[in-house]
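Pull this one up in your viewer and let's take a walk through it. We'll go from the overall layout down to individual rings.

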Amino acid sequence: MAVDATLPYDDQNIFARILRGEIPARKVFEDDWALAFHDINPQSPTHILVIPKGAYVSWDDFSARASEPEISGFVRAVGHAAREAGLVAPGYRLLANTGLDSHQEVPHLHVHVFAGRPLGPLLAR
């Protein structure tokens, strides 16, 4: 079910619970700013999620409220996760859904990293 990205952060969302260690995750990368882990319902042979450790609902929320170190740390973590997974040479796609029209499902900012096969056109027509 899509979430309204304009609502306040819900600290009971699944990614907040993963960050607190209440739900296990197959980690790819972790540092002070972000956590990258394998999606439990992969949409491509490689499907990694990268989430900031701060309580941000969407890109809009993150870009408005996060500190410069949080922003640069998160962006660097996305690249680091792709490198750790060996995705740079074959290529990968980044996707971040925000709000109802994009079908954002978890009210915590996250970036999907898709790879492992030719991914086709960017959007279904």
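What follows is a tour of the sheet, the main helix, the cores and the aromatic pairs.

Keep in mind that this is a predicted model. Start with the sheet: five strands make up an open sheet, ordered 1-2-3-5-4, with antiparallel pairing. Strand 1 and strand 4 sit at the edges, each pairing on one side only. From one strand to the next, the twist averages 20°. In general, strands of a sheet pair through backbone hydrogen bonds, either parallel or antiparallel. If you'd like one pairing to zoom in on, strand 3 and strand 5 run antiparallel to each other over five bridges, and leucine 49 stands opposite histidine 112 in strand 5.

Now look at helix 3. It lies across strand 1, strand 2, strand 3, strand 4 and strand 5, and runs at about 155° to strand 3. Helix 3 has 17 residues and reaches 24 Å from its first C-alpha to its last, close to the 24 Å expected at 1.5 Å a residue. After helix 3 comes glycine 86, with a positive phi near 70°.

Which residues of helix 3 are buried? The list is Glu70, Gly73, Phe74, Ala77, Val78, Gly79, Ala81 and Ala82. As background for reading that list, an α-helix has 3.6 residues a turn, so residues three or four places apart point the same way. The cover over the buried residues of helix 3 includes strand 1, strand 2, strand 3, helix 2, strand 4 and strand 5.

That brings us to the nonpolar cores. The largest has 19 residues, and those with the most contacts inside it are Val28, Ala36, Ile48, Val50, Phe62, Phe74 and Leu87. Strand 1, strand 2, strand 3, helix 3 and strand 5 each give two or more residues to this core, and the largest share, five residues, comes from helix 3. There is also a second, separate core of seven residues, which includes Leu35, Phe37, Leu49 and Ile51.

On to the rings: the structure holds five aromatic pairs. In one of them, phenylalanine 15 and phenylalanine 37 meet edge-to-face, 5.7 Å centre to centre with 75° between the planes. Phenylalanine 15 belongs to helix 1 and phenylalanine 37 to strand 2, so this pair ties together parts that are 22 residues apart in sequence. Both partners are buried: phenylalanine 15 has a relative accessibility of 6%, and phenylalanine 37 comes in at 3%.

Another pair joins phenylalanine 62 and phenylalanine 74, and it is edge-to-face because the ring centres are 5.4 Å apart and the planes stand at 70°. Here helix 2 supplies phenylalanine 62 and helix 3 supplies phenylalanine 74, so the pair ties together parts that are twelve residues apart in sequence. Phenylalanine 62 is buried at 1% relative accessibility, and phenylalanine 74 is buried at 0%. Ring pairs also link Tyr56, Trp59, Phe62 and Phe74 into a cluster.

What does phenylalanine 74 touch, not counting residues up to four places away in sequence? Its contacts are Trp33, Ala34, Val50, Ile51, Pro52, Trp59, Phe62, Leu109 and Val111.

One last stop is aspartate 61, in helix 2. Is aspartate 61 buried or exposed? Its relative accessibility is 14%, so with the cut-off for buried at under 20%, aspartate 61 counts as buried. Leaving aside neighbours within four places in sequence, aspartate 61 is in contact with Ala55, Tyr56 and Ala66.

Key:
Residues are numbered from 1 along each chain as its sequence is written. This is a predicted model: local features need pLDDT of at least 70, side-chain atom pairs count only at pLDDT 80 or more; totals for chains, interfaces and linings use all residues. Side-chain values use heavy atoms; hydrogens and water are left out. Rings of Phe, Tyr and Trp (its six-membered ring) pair if their centres lie within 6.5 Å; planes under 30 degrees apart count as stacked, over 60 as edge-to-face and the rest as tilted. Helices (H or I, at least four residues) and strands (E, at least two) are DSSP runs, numbered from the N terminus. Buried means under 20% relative accessible area, exposed over 50%, partly exposed in between (1.4 Å probe, protein chains only). Contact means heavy atoms within 4.5 Å. The expected span of a helix is 1.5 Å times one less than its number of residues. A nonpolar core is a set of buried Ala, Val, Leu, Ile, Met, Phe, Trp, Tyr and Cys residues joined through side-chain atoms within 4.5 Å. Two strands pair if DSSP finds at least two bridges between them. Axes are lines fitted to C-alpha atoms, for helices over the stretch in contact, and angles run from 0 to 180 degrees between N-to-C directions.
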